[in-house]
Amino acid sequence: MKKSSAFIMVVPGLVILAICLFLPLLRVLVPTFYTGDYLFSAYADFFKDGYYLKIFIRTVKVAVITTAICMAAGVPTAYFISRCDKKWRGILLSVSIFPMMTNSVIRSFAWINILGSNGIVNKFLMTAGLVEKPVKLLYTDFAIIIGSVYLFLPLMIVTVAGVMENIGDDMMEAALSLGADRLKAFMKVIFPMSLPGIIVGGILVFTGTLTAYTTPQLLGGNKNMVLATFIYQRAMSVGDWNGAAVISLIMIVVTLAVIKGFNALAKRLDQRGGDHA
């Protein structure tokens with residue numbers, strides 16, 4: 001009875017998803033399968049085109065680098081926050097998520113003022129005598145990565161901190177009492193136990209960066225397009241809705257593949273940990 005009641009409660013949500021998401025998505029994507037001389041011809045043509053392939057590689061590269069930086073910076077920060085007193089933990093978490101309360105457009109414009117030719121960074125470099133003329137920082141892959149890290153780092157910190165809060169201090173103390181230094185104890189004890197949060201955070205950051213539009217558009221410009229900005233160009237500027245749908249499906253497949261890869265990695269690490277135990 002309980003199972004049937006739960007199923008009945010889920011049905012309205014499934015119907016809404018089917019009508020508002022899956023059916024429109026299929027209506028847009030299915031015609032792309034039959035465009036061209038043979039089945040999936042449009043997708044083969046996408047990867048054969050050097051310009052399209054360059055945009056695809058840039059998008060994946062930016063997402064991978066952003067995820068790596070967020071992991072490297074977010075995990076130690078989350079560990080520090082999780083070991084603070086409850087009073088300071090709440091304050092630090094609030095400070096961490098504060099950038100997320102600001103609109104992404106405003107944040108991107110702030111980075112334009114920082115990285116532009118007349119921005120803070122270039123003014124400092126020229127005043128210090130390190131460069132003679134402004135360095136091109138804006139409208140580059142570097143600018144997109146910096147903006148993406150600033151945008152998604154809070155997600156990594158909050159996700160990992162939530163997992164590390166549940167790891168008792170006695171685990172670290174036990175490792176230290178057995179002769180391990182703090183770094184080794186962290187890598188051998190805390191890090192493996194935090195992997196669920198790290199993997200979830202990695203998925204959120206990677207998929208968010210892969211599909212982001214505003215930050216790449218404002219900080220990368222038209223010369224450094226990613227897949228999201230390329231979709232907008234094909235659909236709104238060129239009027240090629242079929243081409244935009246092809247790019248959309250490629251992004252969906254890449255996102256699902258990354259999620260599956262992270263899950264497979266988590267299972268493999270869990271099995272390895274169980275074997276060692």
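## Starting at I203

Set aside the neighbours within four places in sequence, and I203 is in contact with G208, I259, F262 and N263. This is a predicted model, and I203 is a handy place to start looking around it. The residue sits in helix α10. Is I203 buried or exposed? Its relative accessible area is 14%, under the 20% cut-off, so I203 is buried.

Now follow the chain from I203 to K223. The two are 20 residues apart in sequence, and their C-alpha atoms are separated by 27 Å.

## Two nonpolar cores

Helix α10 also turns up in the largest nonpolar core, as one of the elements that give two or more residues to it. The others are α2 (41–48), α3 (50–82), α12 (227–237) and α13 (241–276). Which helix gives the largest share of this core? That would be α13, with eleven residues. The core has 27 residues in total, and those with the most contacts inside it are F46, L227, I247, I250 and V254.

Take I250 from that list. Beyond its neighbours within four places in sequence, I250 is in contact with Y43, F46, F47 and F56. Another core, of 25 residues, lies apart from this one, and its members include V75, A161, A185 and I198.

## Helix α9, face by face

A185, just mentioned as part of the second core, is also one of the buried residues of α9, along with F186, V189 and I190. Helix α9 covers residues 182–193, twelve residues in all. From first C-alpha to last, α9 reaches 15 Å, close to the 16 Å expected at 1.5 Å a residue.

Why do the buried residues of α9 line one face of the helix? Looking down the axis of α9, they fall within an arc of 115°, so they share one face. An α-helix has 3.6 residues a turn, so residues three or four places apart point the same way. On the other side of α9, L183 and K188 are exposed. The cover over the buried residues of α9 includes α3, α7 (141–164) and α8 (169–177).

The N-terminal end of α9 has a cap, too. It comes from D181, which has a side-chain oxygen 3.2 Å from the backbone nitrogen of L183.

## N224, a buried residue in a loop

Next, hop over to the loop between α11 (214–220) and α12, where N224 lies. N224 counts as buried because its relative accessibility is 14%, and buried means under 20%.

What does the side chain of N224 reach at 2.7 Å? It is the backbone oxygen of Y139. A polar atom of the N224 side chain also lies 3.2 Å from the backbone oxygen of G220. With neighbours within four places in sequence left out, N224 is in contact with R58, Y139, T140, D141 and I144.

## What the UniProt record says

The unreviewed UniProt entry puts a feature called "domain: ABC transmembrane type-1" at residues 56–262. In the model, that span is 78% helix and 0% strand, and its end C-alpha atoms lie 20 Å apart.

The record also carries the annotation "transmembrane region" for residues 7–30, 55–79, 91–114, 142–164, 185–206 and 241–262. Residues 91–114 are 75% helix and 0% strand, with end C-alpha atoms 27 Å apart. For residues 185–206 the model gives 95% helix and 0% strand, and the end C-alpha atoms lie 28 Å apart.

Notes
Residues are numbered from 1 along each chain as its sequence is written. This is a predicted model: local features need pLDDT of at least 70, side-chain atom pairs count only at pLDDT 80 or more; totals for chains, interfaces and linings use all residues. Side-chain values use heavy atoms; hydrogens and water are left out. A nonpolar core is a set of buried Ala, Val, Leu, Ile, Met, Phe, Trp, Tyr and Cys residues joined through side-chain atoms within 4.5 Å. Buried means under 20% relative accessible area, exposed over 50%, partly exposed in between (1.4 Å probe, protein chains only). Helices (H or I, at least four residues) and strands (E, at least two) are DSSP runs, numbered from the N terminus. Contact means heavy atoms within 4.5 Å. UniProt positions are given in the numbering used here, feature names are shortened, and annotations may be inferred rather than shown by experiment. The expected span of a helix is 1.5 Å times one less than its number of residues. The arc is that of the directions from the helix axis to the C-beta atoms. A polar contact is a pair of N or O atoms within 3.5 Å; within protein, one must be able to donate a hydrogen and the other to accept it, and residues adjacent in sequence count only if both atoms are side-chain atoms.
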